[in-house]
2 protein chains.
Amino acid sequence: MQTITIGLLGLGTVGGGVVKLLQEHAAKIEQTTNVHFVLKRVAVAHLDKPRNVTLPDDTILTDQLDEVLNDPEIQVIVETMGTINLARQAITQAIYNHKSVITANKDLLAIDGPRLAQLAKSRHVDFLYEASVAGGIPILRVLSSSLATDQISQITGIINGTANYILSAMTSNNVSYDKALMNAQKKGYAEANPTNDVKGIDTANKLSILSQFAFGKALDPNKLGIRGIENITAAQLASANHFGYTIKLLAIAKRLANKLYTFVGPALIAHNDPLAQVDGVQNAVAVESNALGSSVYTGPGAGAKPTANSILSDLAAAANDILDYDCGSEFNNYHNELEPCSLTTVPQSYLVTTYGTSAKPNSTVNWQGEFSGNNYWSGLTPVISHQELESLLKSFPKSSAVSYLPVYNTAKL
Amino acid sequence: MQTITIGLLGLGTVGGGVVKLLQEHAAKIEQTTNVHFVLKRVAVAHLDKPRNVTLPDDTILTDQLDEVLNDPEIQVIVETMGTINLARQAITQAIYNHKSVITANKDLLAIDGPRLAQLAKSRHVDFLYEASVAGGIPILRVLSSSLATDQISQITGIINGTANYILSAMTSNNVSYDKALMNAQKKGYAEANPTNDVKGIDTANKLSILSQFAFGKALDPNKLGIRGIENITAAQLASANHFGYTIKLLAIAKRLANKLYTFVGPALIAHNDPLAQVDGVQNAVAVESNALGSSVYTGPGAGAKPTANSILSDLAAAANDILDYDCGSEFNNYHNELEPCSLTTVPQSYLVTTYGTSAKPNSTVNWQGEFSGNNYWSGLTPVISHQELESLLKSFPKSSAVSYLPVYNTAKL
């Protein structure tokens with residue numbers, strides 16, 4: 001059995017999970033990988049911080065990143081610090097020092113992943129990041145190995161556990177957004193500042209990475225026209241349910257010829273769609289492809305151990321490449337020139353809800369379904385263009401608030 | 001770009017699918033694998049048989065297996081003949097001729113897979129068979145890569161599309177087993193002789209392979225105590241539905257310490273279990289593991305293209321190993337000494353149905369639920385031992401037929 005020496009940056013939830021799993025699963029990992037992993041150094045910001053993880057006896061804890069990054073014995077760096085600039089510097093330095101790098105840092109990857117991947121390739125080291133999307137679901141490796149021979153036409157993800165937990169709680173417990181968010185924060189499923197999760201920013205970052213793997217095209221998350229879930233109302237959930245739908249925060253990328261249509265935001269999804277069954281902090285990714293048709297991958301979207309297992313699977317792959325003298329292949333080596341478009345500009349069906357009265361508003365729309373409750377009215381439009389939607393919204397009396405949500409998979413491309 | 005030369009055995013549904021996908025997806029495959037695949041020879045039983053697949057111009061069609069197996073230019077043999085003895089001979093000869101082998105032949109793998117895997121390892125060639133379980137779902141590669149670092153406690157599969165189609169049709173269309181089978185045969189989802197599918201034999205063969213990957217322990221499918229779906233009644237389906245369950249043909253392997261409990265047969269599964277949503281010819285595999293908790297993989301269980309894509313993903317892996325001079329690693333290199341036990345002997349809950357009258361039978365059971373219909377009565381038992389179940393069944397009047405089904409995940413180990 002050969003030895004691979006690791007350096008770990010960060011010892012928070014994910015870093016601690018890596019240390020724990022390396023110990024708990026040591027026997028199986030050694031048998032399946034035929035590698036003995038040695039965690040030589042761990043860098044943390046504060047040496048004195050109490051931690052609920054016990055490092056192996058020989059592991060050296062330090063608050064100097066350089067001690068880890070410049071140790072010539074260390075072959076693989078696992079980055080779990082989670083900030084952007086410091087992580088970028090550390091990863092860059094590790095790559096320059098000819099170390100393979102594993103990270104779960106989706107925020108960094110979304111803005112700088114392709115450049116770092118090219119740098120790693122040019123320095124003949126691996127750069128792997130399975131844990132960056134959908135936590136424990138091995139979706140990136142599935143896309144880059146098993147589905148590398150297939151042609152994908154659409155990928156749809158529920159890839160933010162916080163948002164999905166909040167929407168699930170609002171749906172099944174009939175509570176408001178604010179109350180559901182507070183509960184999520186109490187249970188540790190939402191951060192004190194939940195902006196990234198509830199506004200769809202985290203989802204957009206992950207969609208950018210998924211799109212690289214599925215379509216060979218990284219997306220600029222800043223250009224995605226994101227909508228969040230903060231304004232979803234009980235009226236919308238009740239109306240959606242009446243029409244046979246639930247509401248989920250979806251990430252969609254759909255290819256047609258050389259165009260790639262994307263969407264990040266809440267949408268109605270039919271109760272009998274497999275993604276509609278994905279509740280709480282679970283994540284799921286549905287893939288439409290030529291050979292397979294529909295396939296769905298469901299699992300934990302976050303948490304110390306699921307994320308750590310994705311990092312360990314990267315570690316096994318990196319170790320294998322080091323021992324085979326075969327480092328430097330891109331994790332995603334599929335590249336395509338596709339034109340990014342927004343799915344929101346494509347004709348589709350919408351749930352339109354007006355507030356202030358339960359009376360049906362005047363319009364020329366041929367409503368496909370109607371539902372009203374205490375002080376609101378909802379209708380389901382047929383497939384209409386974005387212009388028709390905008391005229392419709394403008395036609396309502398200005399005193400009554402109005403909201404709309406698209407219906408998943410009704411877009412007519 | 002380098003070239004890998006392939007020989008194909010069999011040009012039926014799956015073999016034809018391989019030829020078609022190699023052509024349709026050529027551009028993407030070349031980019032993601034960096035390999036140009038050349039299909040040099042194809043062996044068929046009957047040269048004159050009309051086929052709806054067009055071979056590349058330079059591909060040689062032959063009815064002599066040896067012409068393919070002994071061609072020194074051919075580096076990988078893809079076996080899609082589907083019989084047992086001839087396939088075993090051909091695969092053995094290919095391995096002796098230092099060719100890597102890819103097969104979807106689950107019947108052969110279940111009885112002789114471990115021996116062939118050892119033979120391939122000793123001859124330093126790859127032996128891959130992703131397509132043998134759950135068609136297009138990349139479950140074996142997920143288990144042997146992404147989950148190789150995790151510790152699995154249970155694996156549950158709906159892995160026979162024919163049986164699942166029949167049970168789904170019986171449930172949603174309220175038709176008898178015989179009628180659902182006939183419809184499945186008409187649509188090409190069931191063979192003229194459906195024995196292997198409906199009696200659970202195919203499911204047991206696949207569970208043996210899944211168990212190798214999940215637990216490092218191949219099962220002898222002949223020792224599994226299989227039940228089929230031929231005797232499932234409308235009364236059982238209606239009763240199950242009333243109690244909040246559906247009925248599925250399940251394959252289960254559950255590890256506790258050094259024991260491996262297995263089950264192949266129909267069982268009640270709660271409506272809100274993700275597996276209960278898997279309808280028609282879809283397959284799904286649910287994995288319980290220490291790091292991930294629950295993860296579920298859903299997709300097409302059969303069909304030319306899904307199966308062919310799994311073969312192509314094996315082909316990409318084999319090509320990579322050939323070009324890296326790294327052949328001969330086992331597809332599943334996890335091995336464990338576990339004691340096989342039957343889950344049917346473990347205390348659990350059952351649906352018991354008596355026929356001939358809708359009256360509740362006398363018994364000392366503390367029924368958890370009761371339901372009756374035209375000429376039948378059903379009750380849901382609490383968790384009872386196998387002995388208690390047998391006494392209960394014996395206590396019913398001999399004139400009335402009685403049937404029972406276990407309830408999934410109620411076993412108390």
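**Exercise 1. Determine how B:D279, at 44% relative accessibility, is classed, and work out what its salt bridge connects.**

Solution. At 44% relative accessibility, B:D279 counts as partly exposed, where buried means under 20% relative accessible area, exposed over 50%, and partly exposed in between (1.4 Å probe, protein chains only). This is a predicted model, in which local features need pLDDT of at least 70 and side-chain atom pairs count only at pLDDT 80 or more, while totals for chains, interfaces and linings use all residues. Residues are numbered from 1 along each chain as its sequence is written, chains are lettered from A and ligands numbered from 1 in the order in which they are written, and side-chain values use heavy atoms, with hydrogens and water left out.

Next, take the partner: the side chains of B:D279 and B:K248 meet in a salt bridge at 3.0 Å, N to O, a salt bridge being a side-chain nitrogen of Lys or Arg within 4 Å of a carboxyl oxygen of Asp or Glu. B:K248 lies in strand β8 (residues 245–256) of chain B and B:D279 in the loop between β9 (259–270) and β10 (282–289) of chain B, so the pair ties together parts that are 31 residues apart in sequence. Helices (H or I, at least four residues) and strands (E, at least two) are DSSP runs, numbered from the N terminus. B:K248 itself is buried, at 1% relative accessibility.

**Exercise 2. Describe the salt bridge between B:E67 and B:R41, and then the one between A:D112 and A:R115.**

Solution. Begin in chain B, where the side chains of B:E67 and B:R41 meet at 3.8 Å, N to O. B:E67 belongs to helix α3 (residues 65–69) of chain B and B:R41 to strand β2 (residues 35–43) of chain B, so this pair ties together parts 26 residues apart in sequence. B:E67 is partly exposed at 37% relative accessibility, whereas B:R41 is buried at 17%.

Then turn to chain A, where A:D112 and A:R115 form a salt bridge of 3.1 Å, N to O. Both residues lie in helix α5 (residues 106–122) of chain A, three residues apart, about one turn of the helix. A:D112 counts as buried at 9% relative accessibility, and A:R115 as partly exposed at 41%.

**Exercise 3. Trace the strands that pair with β5(B), and state the handedness of each crossover.**

Solution. Start with strand β4 (residues 76–79) of chain B, which pairs with β5(B) in the parallel sense over four bridges; two strands pair if DSSP finds at least two bridges between them. Within this pairing, B:V78 stands opposite B:I102. The chain passes from β4(B) through helix α4 (residues 85–96) of chain B to β5(B) in a right-handed β-α-β crossover, meaning that, with the strands pointing away from the viewer, the path from the first strand over the helix to the second runs clockwise.

On to strand β6 (residues 127–128) of chain B, which pairs with β5(B) in the parallel sense over two bridges, with B:F127 as the bridge partner of B:V101. The chain crosses from β5(B) to β6(B) through helix α5 (residues 106–122) of chain B, and this β-α-β crossover is also right-handed.

**Exercise 4. Characterise the interface of chain B and chain A.**

Solution. First, 42 residues of chain B are in contact with 42 residues of chain A, contact meaning heavy atoms within 4.5 Å. Second, the two chains bury about 3,900 Å² between them, 49% of it on carbon and sulfur atoms, this being the accessible area (1.4 Å probe) that two parts lose on being put together, summed over both. Finally, the rule finds zero salt bridges across this interface.
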